[in-house]
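Here's a quick briefing to read with the structure open beside you. It goes through charged pairs, core packing and one helix, in that order.

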Amino acid sequence: MCGAELHALPEGVQRVARALQAAHHPHTPLMLDGAARTAQEAADGLGVQLGQIAKSVIFKRKDDGVAVLVVTSGDRRVDEKKVSALVGKVGRADADFVKAQTGFAIGGVSPVAHLNPPVTLLDQDLWRFEVVWAAAGHPHGVFQLQPEDLKRLTGAPVVDVAQAMSEA
């Protein structure tokens, strides 16, 4: 990728593409014809299992207002109590907070290239898959990676933050 092709992409996708390129990631963002605002929409659009979607969930840490990014499999729900035990008490983040902190709208939050670097946690359930797909800064944008790439790109720890399957 030489950079000229980035200009046709939305700004958030351009930012993600630049971050991936700088990190020598082998896959560039793709723009899907249909929206991928939810993990199910992304899985359907890509023809992959729901669990292969690395969904990004933003929380707001109550003590200091810092964004906390949890990346988990699309077929899992984040356990807020487990997240709070690791990073301090968190609560749900509204759309304005998500946009202001990440630079991305809900439904397109990438695990990389945030405006303000969040505290990041990667759920261990992503490692069930050889290949996963993450949002690329826009509700139609995605990029391919392996779970180890996610760890390398974010520097985040791999932890258990998903609800038990019986709770989901």
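**Charged pairs and what sits inside**

Let's start with an acid: Asp125 is buried, with a relative accessible area of 17%. Keep in mind that this is a predicted model. Asp125 has a partner, since its side chain meets that of Arg76 in a salt bridge, 2.8 Å from N to O. Seven salt bridges turn up when the whole structure is searched.

**The Arg76–Asp125 pair**

- This pair ties together distant parts of the chain, with the two positions 49 residues apart: Arg76 is in the loop between β3 and α3 (80–87), and Asp125 is in the loop between β5 (119–123) and β6.
- Arg76 has a relative accessibility of 10%, so it counts as buried too, the cut-off being under 20%.
- There's a wider network here: salt bridges with shared partners join Asp75, Arg76, Asp125 and Arg128.

**Two other salt bridges**

- Asp160 pairs with Lys82, and their closest N and O atoms are 3.1 Å apart.
- That's another link between distant parts of the chain, 78 residues apart, with Asp160 in the segment after β8 (158–159) and Lys82 in helix α3.
- Both partners are partly exposed: Asp160 has a relative accessible area of 37%, and Lys82 has one of 26%.
- Glu11 and Arg15 also meet through their side chains in a salt bridge, at 3.4 Å from N to O.
- Here the partners share a helix: both are in α1, four residues apart, or about one turn.
- Their surroundings don't match, though: Glu11 is partly exposed at 47% relative accessibility, while Arg15 is buried at 13%.
- As a general point, side chains of opposite charge can pair when their charged atoms come close.

**Nonpolar cores**

- Which residues have the most contacts inside the largest nonpolar core? They are Val16, Ile58, Val71, Phe143 and Leu145, in a core of 24 residues.
- Two or more residues come from each of α1 (11–22), β2 (53–61), β3 (67–73), α4 (95–102), β6 (132–135), β7 (141–145) and α5 (147–154).
- The top contributor is β3, which gives three residues to this core.
- Leaving aside neighbours within four places in sequence, Leu145 touches His25, Glu130, Val131, Val132, Trp133, Ala134, Leu150 and Leu153.
- There's also a second, separate core of 11 residues, and its members include Val57, Phe59, Val68 and Val161.
- In soluble globular proteins, nonpolar side chains tend to be buried together.

**Helix α2: one face in, another out**

- In α2 (residues 39–46), the buried residues are Ala39, Ala42, Ala43 and Leu46.
- Why do they line one face of the helix? Looking down the axis of α2, the buried residues fall within an arc of 95 degrees, so they end up on one face.
- What do the buried residues of α2 pack against? Their packing partners are β2, β6 and β7.
- Over on the other side of α2, Asp44 and Gly45 are exposed.
- Just past the end of α2 comes Gly47, with a positive phi of about 70 degrees.

Definitions and conventions. Residues numbered from 1 in each chain as written. Predicted model: local features only at pLDDT ≥ 70, side-chain atom pairs only at ≥ 80, totals over all residues. Heavy atoms only, no water. Core = buried A, V, L, I, M, F, W, Y, C linked by side-chain atoms within 4.5 Å. Buried < 20%, exposed > 50% of the residue type's maximum accessible area, 1.4 Å probe, protein only. Contact = heavy atoms within 4.5 Å. Salt bridge = Lys/Arg side-chain N within 4 Å of Asp/Glu carboxyl O. Arc of directions from axis to C-beta.
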